[in-house]
Amino acid sequence: MTEPPQTATQHAFIALAPPDDAKNELAHALGPAYAAHPDLRWNRIEDWHVTLAFLGELPVPIVKRLRAPLADLAAARPPLRLALLGGGHFDERVLWSGIEGDLEGLHELAEAVRARVRDCGIVFAERPLRPHLTLARARRYDTASVAAAAACLDGFTGRSWQTERLHLVGSTVSGHLGPRRYQDIDAWSLAAGHQQRRPNRPKGTRSEAATDCSA
């Protein structure tokens with residue numbers, strides 16, 4: 001008897017994305033770093049996201065179950081005003097650009113997103129939010145390029161921009177040949193207009209509609 005095929009899996013995360021002109025502004029500032037450090041594993045500009053929750057490897061049907069809860073959440077949350085700021089690195093291995101602006105609102109949105117994921121029974125590594133765009137990673141033998149590339153962004157302050165959509169992003173599924181690629185599974189517009197942030201509610205209450213995690 002043949003074994004049934006395993007369920008396809010993919011890496012997934014939930015994120016915000018800067019608009020194209022903000023990303024192009026940062027890419028222009030990175031020009032000297034691109035030229036000086038071509039051996040870094042540079043992320044594609046279309047993969048630049050501000051990750052709110054990284055979910056790791058999940059079965060594809062489980063990822064799709066998040067669509068309805070995230071659509072409801074996005075419809076209830078106001079846009080945020082953010083900007084890209086400077087550069088830095090994690091452990092001389094990962095190059096990033098920072099985020100400034102409504103960081104309080106960004107942390108609140110991230111927690112709301114993570115609550116929706118938990119409500120759907122999905123277990124994931126809940127690391128503290130450190131708002132940034134990941135730009136490049138160093139190869140194993142390279143311990144200097146990331147720090148040098150980060151220095152190229154000293155003094156960089158991008159223009160202010162308003163978040164528009166909440167993105168559910170997934171990788172190519174397990175078994176795909178070639179490098180892993182990411183693309184939107186779905187994306188939802190945040191609530192239109194400049195809404196006042198809701199007051200804090202007592203613990204144990206929900207500020208948005210109940211979660212529907214049905215497939």
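The following legends describe close-up views of a predicted model.

**View 1. The whole protein chain and the confidence of its prediction.** The protein chain has 215 residues, of which 42% count as buried. Six helices and nine strands are found in the protein chain. Its accessible surface comes to about 11800 Å², and carbon and sulfur atoms account for 52% of that. Among contacts between residues at least 6 apart in sequence, 79% join residues at least 24 apart. The average pLDDT of the protein chain is 88, and 85% of the residues score at least 70.

**View 2. Two segments with pLDDT under 50.** Over residues 1–5, pLDDT stays under 50, and the model gives this segment zero contacts beyond four places in sequence. Residues 193–209 also have pLDDT under 50 throughout, but here the model has 21 contacts beyond four places in sequence. Where pLDDT is low, predicted coordinates should not be read in detail.

**View 3. The open sheet of five strands.** The strand order is β2-β6-β5-β4-β7, with antiparallel pairing. The edges are β2 (41–42) and β7 (161–162); each has a single partner strand, so one side of each is left without a neighbour in the sheet. At the β2 edge, two bridges join β2 to β6 (residues 132–137), and the two strands run antiparallel. Trp-42 has Ala-136 in β6 as its bridge partner. At the β7 edge, two bridges join β7 to β4, again in an antiparallel arrangement. Here the bridge partner of Leu-82 is Trp-161 in β7.

**View 4. The hairpin of β4 and β5.** Seven bridges join β4 to β5, and the strands run antiparallel. One of the bridge pairs consists of Gly-88 and Trp-96, the latter in β5. Three residues lie between the strands of this hairpin. Asp-91 lies in the loop between β4 (81–90) and β5 (94–101), and its phi is positive, at about 55°, although Asp-91 is not a glycine. Glu-92 lies in the loop between β4 and β5 as well; its phi, near 60°, is also positive in a residue other than glycine. The relative accessibility of Asp-91 is 70%, so Asp-91 counts as exposed. For Glu-92 the value is 38%, which means that Glu-92 counts as partly exposed.

**View 5. Helix α5 and its packing.** Helix α5 covers residues 103–119. At 1.5 Å a residue, its 17 residues should span 24 Å, and the end C-alpha atoms are 24 Å apart, so the two values agree. The buried residues of α5 include Leu-106, Leu-109, Val-113 and Val-117, along with Arg-114 and Arg-116. An α-helix has 3.6 residues a turn, so residues three or four places apart point the same way. The buried residues of α5 pack against β1 (9–16), β3 (50–59), α4, β4, β5 and β8 (165–171).

**View 6. The end of α5 and the loop that follows.** Cys-120 lies in the loop between α5 and β6. Its relative accessible area is 7%, under the 20% limit, so Cys-120 is buried. From C-alpha to C-alpha, Cys-120 and Ile-62 are 9.0 Å apart, although 58 residues separate them in sequence. Gly-121, which also follows α5, has a positive phi near 75°.

**View 7. The largest nonpolar core, with Leu-55.** This core has 52 residues, and those touching the most other members are Leu-16, Leu-26, Leu-55, Leu-106 and Leu-166. Helix α5 supplies the largest share, six residues. Leaving aside residues up to four places away in sequence, Leu-55 touches Ala-12, Phe-13, Ile-14, Leu-66, Val-117 and Phe-124. In soluble globular proteins, nonpolar side chains tend to be buried together.

**View 8. Asp-72 and Trp-188.** Asp-72 lies in helix α4 (residues 67–76). Its relative accessibility is 37%, so Asp-72 counts as partly exposed. Along the chain, Asp-72 and Trp-188 are 116 residues apart, while their C-alpha atoms are separated by 8.9 Å.

Conventions:
Residues are numbered from 1 along each chain as its sequence is written. This is a predicted model: local features need pLDDT of at least 70, side-chain atom pairs count only at pLDDT 80 or more; totals for chains, interfaces and linings use all residues. Side-chain values use heavy atoms; hydrogens and water are left out. Helices (H or I, at least four residues) and strands (E, at least two) are DSSP runs, numbered from the N terminus. Buried means under 20% relative accessible area, exposed over 50%, partly exposed in between (1.4 Å probe, protein chains only). A nonpolar core is a set of buried Ala, Val, Leu, Ile, Met, Phe, Trp, Tyr and Cys residues joined through side-chain atoms within 4.5 Å. Contact means heavy atoms within 4.5 Å. Two strands pair if DSSP finds at least two bridges between them. pLDDT is the predictor's confidence in each residue, from 0 to 100. The expected span of a helix is 1.5 Å times one less than its number of residues. Accessible areas come from the Shrake-Rupley method with a 1.4 Å probe; for residues, only the protein chains shown count as cover.
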